[in-house]
Amino acid sequence: MNEIDPDLDFAATTTVNTTTIEVDITGSSRAPKIAITSSPELPQDEAMAMLLFGKSSASLSPVEILSAGQALAELTGGTPPAGGFFGRLRQSIGLDQLSVNSSSTTNANGTTSSSTGLQGGRYVAPGVYVGAQQGASADSSRGVVEIEVFKHTKIEGAIGTNSNDKIGAKMEWDY
C-alpha cells in the first residue's frame, strides 16, 4: 500500500523595519525543511531576531537571545543542547510547559511598546491544562485553563488581575 506524503512548498514573507524576511517550508510532510532568508541578507539568527522581536540581535535582552536561538534551532531541525535551558528548568520544576514570550504593539500615534512574559503550566488530567502567565508589570498575572473537549477542539479560559478575562473555543490541526 502506498503512503501519502505530500510535498510542501510554502513561503511566508513579512517586512520588519526595512528588512524583508521570508520563511520557506519545503520537503515532504514527513520531513519538512524550514529556511529563513532576508533582504538585505542577514545571518539566520539575525533574521530570526528581526522576525520574532522586530529588532536586531544586538539590541535583544539575554532572555530574547535565548528564545530566538531556541526557536531557530527548533525550526531548522536542530536541537538545543541537552534540551536547552528552558527544557532543563521545566523538567526540574515539574512543568509540562515553560516559555518566555515577547510581543510588541504599535498604537495609533505610532508609538511601539513591547512586553515580555513568562508562562508555565502542566496537564493535571488527560486533556486538562492549568497554567499561569506573568508579565513584567504587577497587574499582568493571569491563570489559564484549557480543556480538550474533542480531538481538535479546546475550550480555554483566562482570568487576570487586569480585568481582561476571556473564555473561548479553538480548533487546531497539526500539519
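**Nonpolar core**

I looked up the largest nonpolar core in this predicted model. It has 7 residues: Val16, Ile21, Val23, Ile36, Ala47, Met48 and Met50. Which elements give two or more residues to this core? I find β2 and α1. Helix α1 gives the most, with 3 residues. I note the general background: nonpolar side chains tend to be buried together in soluble globular proteins.

**Helix α1**

I went through α1 next, residues 44-53. Its buried residues are Glu46, Ala47, Met48, Ala49, Met50 and Phe53. I note that Glu46 is in that buried list, while Ala47, Met48 and Met50 also belong to the core. I then checked what Ala47 touches beyond four places in sequence. The residues are Ile21, Ile36, Ser38 and Leu42. Ile21 and Ile36 are themselves core members. Just after the helix, Gly54 takes a positive phi of about 75 degrees.

**Val16**

I placed Val16 in strand β1. Is Val16 buried or exposed? Its relative accessible area is 14%, so I log Val16 as buried, the cut-off being under 20%. Leaving aside neighbours within four places in sequence, I find Val16 in contact with Ile21, Met50 and Gly54. Gly54 is the residue with the positive phi just after α1. I also looked at Val16 and Leu51. They are 35 residues apart in sequence, yet their C-alpha atoms are 6.9 Å apart in space.

**The β1-β2-β3 sheet**

I traced an open sheet of 3 strands, in the order β1-β2-β3, with antiparallel pairing. Which strands are at the edges? They are β1 (7-16) and β3, and each pairs on one side only. I read an average twist of 15 degrees from one strand to the next. Between β2 (residues 19-28) and β3 I find 8 bridges, the two strands running antiparallel. For one pair, I looked up Glu22: its bridge partner in β3 is Thr37.

**Ser38**

I stayed on β3, residues 32-39, for Ser38. Ser38 counts as buried because its relative accessibility is 13%, under the 20% cut-off. Where does its polar side chain find a partner? I see a polar atom of the Ser38 side chain 3.1 Å from the backbone oxygen of Pro40. Beyond four places in sequence, Ser38 touches Thr19, Thr20, Ile21 and Ala47. Ile21 and Ala47 are members of the nonpolar core.

**Strands β8 and β9**

I moved on to β8 (residues 153-160) and β9. They run antiparallel and are joined by 6 bridges. Thr153 stands opposite Met171 in β9. How many of the 6 residues of β9 (residues 166-171) are buried? The count is 0, and I log the strand as hardly covered.

**Lys154**

I picked out Lys154 in β8. At 15% relative accessibility, Lys154 counts as buried, so I looked for partners of its side chain. I find two glutamates. The Lys154 side chain makes a polar contact with the side chain of Glu146 at 3.2 Å. It makes another with the side chain of Glu172 at 3.1 Å. Beyond four places in sequence, the residues in contact with Lys154 are Glu146, Ile147, Glu148, Val149, Gly168, Ala169, Lys170 and Glu172. Among them, Gly168, Ala169 and Lys170 lie within the span of β9, residues 166-171.

Terms used
Residues are numbered from 1 along each chain as its sequence is written. This is a predicted model: local features need pLDDT of at least 70, side-chain atom pairs count only at pLDDT 80 or more; totals for chains, interfaces and linings use all residues. Side-chain values use heavy atoms; hydrogens and water are left out. Helices (H or I, at least four residues) and strands (E, at least two) are DSSP runs, numbered from the N terminus. Buried means under 20% relative accessible area, exposed over 50%, partly exposed in between (1.4 Å probe, protein chains only). A polar contact is a pair of N or O atoms within 3.5 Å; within protein, one must be able to donate a hydrogen and the other to accept it, and residues adjacent in sequence count only if both atoms are side-chain atoms. Contact means heavy atoms within 4.5 Å. Two strands pair if DSSP finds at least two bridges between them. Axes are lines fitted to C-alpha atoms, for helices over the stretch in contact, and angles run from 0 to 180 degrees between N-to-C directions. A nonpolar core is a set of buried Ala, Val, Leu, Ile, Met, Phe, Trp, Tyr and Cys residues joined through side-chain atoms within 4.5 Å.
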